[in-house]
Amino acid sequence: MLSEGAKLVGESGKTYLAVSPLGQSNVWTAVEQSKYTKKPVKVVVIKEPGEVDTQPGWPSFQNEMVMHEVFKESPAIRQQLDRIPPTQAGGPPMIVLEITETTLWNARTKRPMSLAEIKTVAKDVLVGLRDVHAAGLVYADLKPQNIMVDGFNAESEEK
């Protein structure tokens, strides 16, 4: 189980410091630390299996890890940056993901989106679905809460 201040080392050799949960107990913000200065390099997301993934081997989480590998070349699907091996015997692995500013679900409540923003989001969703379908798969959980949005300024609307 992740906790504030936990230091984790990824397969890449990078060190991550857990900061705070992101609305779920298994999803946390973290900072990647510089190898040389121990100063933060960038903010990331660390995810471990959820409480409902209780079967041996965490099959849902393992499937998510495989899907990140399958779609690592897709520009419209959030990328896995690193993996963290189990920190204790029998413990779960974790993944390190790109962080995004918000979800489409949250962004919609801040202000009306411009036509350009709507087009960008729609295009990215369609590119992601194209890549999923090209792999012979179906994405069955498409909803605003699962569409990650970056560059959305709540104060100003670009026209």
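Strands are DSSP runs of E of at least two residues, numbered from the N terminus. Strand S5 in this predicted model spans residues 80-84 and includes Asp 82. In the protein chain overall, the secondary structure comes to three helices and eight strands. Their order along the sequence is β-β-β-β-α-β-β-β-α-α-β. The C-alpha atoms occupy a box of roughly 50 × 40 × 25 Å along the principal axes. Of the 159 residues in the protein chain, 36% are buried. Among contacts between residues at least 6 apart in sequence, 50% join residues at least 24 apart.

Asp 82 is buried but has no salt bridge. The nearest side chain of opposite charge belongs to Lys 14, at 6.1 Å. A salt bridge requires a side-chain nitrogen of Lys or Arg within 4 Å of a carboxyl oxygen of Asp or Glu. The side chain of Asp 82 instead makes a polar contact with the side chain of Ser 12 at 2.5 Å, and another with the side chain of Tyr 16 at 2.8 Å. Ser 12 and Tyr 16 also appear among the residues that Asp 82 touches, together with Gly 10, Glu 11, Lys 14, Ile 95 and Val 96, when residues up to four places away in sequence are not counted.

A second acidic residue, Glu 48, is located in the loop between S4 and H1. Glu 48 is likewise buried without a salt bridge, and the nearest side chain of opposite charge, that of Lys 47, is 11 Å away. The side chain of Glu 48 reaches the backbone nitrogen of Leu 2 at 3.0 Å. With residues up to four places away in sequence left out, Glu 48 touches Met 1, Leu 2, Ser 25, Asn 26, Phe 61, Pro 92, Pro 93 and Met 94.

The loop that follows strand S4 (40-47) and precedes helix H1 (59-70) also contains Trp 58. Most residues other than glycine have a negative phi. Trp 58, which is not a glycine, has a positive phi of about 50°.

Another tryptophan, Trp 105, takes part in a contact between a charge and a ring. The charged end of Arg 108 sits over the ring of Trp 105, at 3.6 Å from the ring centre. For rings of Phe, Tyr and Trp, pairing was assessed with a cut-off of 6.5 Å between centres. The count of aromatic pairs by this rule is zero.

Conventions. Residues are numbered from 1 along each chain as its sequence is written. This is a predicted model: local features need pLDDT of at least 70, side-chain atom pairs count only at pLDDT 80 or more; totals for chains, interfaces and linings use all residues. Side-chain values use heavy atoms; hydrogens and water are left out. Rings of Phe, Tyr and Trp (its six-membered ring) pair if their centres lie within 6.5 Å; planes under 30 degrees apart count as stacked, over 60 as edge-to-face and the rest as tilted. A charge sits over a ring if NZ of Lys or CZ of Arg is within 6 Å of the ring centre and within 35 degrees of the ring normal. Helices (H or I, at least four residues) and strands (E, at least two) are DSSP runs, numbered from the N terminus. Buried means under 20% relative accessible area, exposed over 50%, partly exposed in between (1.4 Å probe, protein chains only). Lys and Arg count as positive and Asp and Glu as negative; His and the chain ends are not counted. A polar contact is a pair of N or O atoms within 3.5 Å; within protein, one must be able to donate a hydrogen and the other to accept it, and residues adjacent in sequence count only if both atoms are side-chain atoms. Contact means heavy atoms within 4.5 Å.
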